[in-house]
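Hello,

Here is the structure I promised to pass on to you. Please open it and have a look around before you read my notes underneath.

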Amino acid sequence: VSWEKNIEENFKKDSQAYLINFTAAWCITCQANDKIAISRPSVKEYLQQNDIKYIVADWTNKDKEILLALESYNRNGVPLYIFWKPGMQESKILPAILTEQILLDGFNNS
């Protein structure tokens with residue numbers, strides 16, 4: 001799913017769990033996290049089995065709306081990973097350096 005303004009509010013209203021990947025093509029950490037964590041079969045399977053929508057917020061061209069979303073989490077750059085599921089009071093910011101296990105633990109300990 002591609003990121004768009006208000007996507008978090010809309011998913012929360014619909015009680016739809018989500019993981020947002022704020023990323024950019026020029027971000028080396030983002031690309032590494034994708035390879036070693038996000039694109040791993042166990043992570044993809046977990047997202048699918050638990051009906052967690054995966055959203056990509058591509059900041060490669062420094063989109064102003066994405067910058068405002070980053071700033072709402074007190075960030076001014078990427079990577080940023082946001083997770084939310086029904087029952088959580090607030091979205092959770094996952095670590096900037098990801099591993100497969102950090103991601104799976106982040107989903108389960110929320």
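Below is what I found, starting with the whole chain and then turning to two residues. Please keep in mind that this is a predicted model.

**The whole chain**

A good place to begin is the fold. You will find five helices and four strands in the chain. If you walk along the sequence, they come in the order α-β-α-α-β-α-β-β-α.

Next, the overall dimensions. Along the principal axes, the C-alpha atoms fill a box of roughly 30 × 30 × 20 Å. How does the radius of gyration of the chain fit with that of a compact globule? A compact globule of 110 residues would have a radius of gyration near 13 Å, and the chain has 13 Å, so the two agree.

Contacts tell you how the sequence folds back on itself. Taking contacts in the chain with a separation of 6 or more, 66% are between residues 24 or more positions apart.

What about inside and outside? Of the 110 residues, 41% count as buried. The chain exposes about 6400 Å², and carbon and sulfur atoms supply 48% of that area. As for charges, the chain has 12 positive and 14 negative ones, and the mean positions of the two groups are 2 Å apart.

**Gln16**

Now look for Gln16, in the loop between helix H1 (7–13) and strand E1 (18–23). Is Gln16 buried or exposed? Its relative accessible area is 11%, and because buried means under 20%, Gln16 counts as buried.

Which residues does Gln16 meet, once neighbours within four places in sequence are left aside? They are Phe11, Asp51, Ile52, Lys53 and Trp84. Asp51 deserves a second look on your screen: the side chain of Gln16 reaches the backbone oxygen of Asp51 at 2.7 Å.

You could also try a distance exercise with Gln16 and Glu90. These two are 74 residues apart in sequence, and their C-alpha atoms are 14 Å apart in space.

**Thr23**

Finally, go to Thr23, which is found in strand E1. Thr23 is buried too, with a relative accessible area of 11%. Not counting residues up to four places away in sequence, Thr23 touches Cys30, Gln31 and Val78, together with Val56, Ala57, Asp58, Trp59 and Thr60. Try selecting these residues in your viewer to see how they sit around Thr23.

Enjoy exploring, and write back with any questions.

Best wishes

Key
Residues numbered from 1 in each chain as written. Predicted model: local features only at pLDDT ≥ 70, side-chain atom pairs only at ≥ 80, totals over all residues. Heavy atoms only, no water. Helix = DSSP H or I, 4+ residues; strand = E, 2+ residues; numbered from the N terminus. Buried < 20%, exposed > 50% of the residue type's maximum accessible area, 1.4 Å probe, protein only. Contact = heavy atoms within 4.5 Å. Polar contact = N/O pair within 3.5 Å; in protein donor to acceptor, adjacent residues only side chain to side chain. Rg over C-alpha atoms; globule rule 2.2 N^0.38 Å. Areas by Shrake-Rupley, 256 points an atom, 1.4 Å probe, with all protein chains shown as cover. Lys, Arg positive; Asp, Glu negative; His and termini not counted. Charge placed at Lys NZ, Arg CZ, Asp CG, Glu CD.
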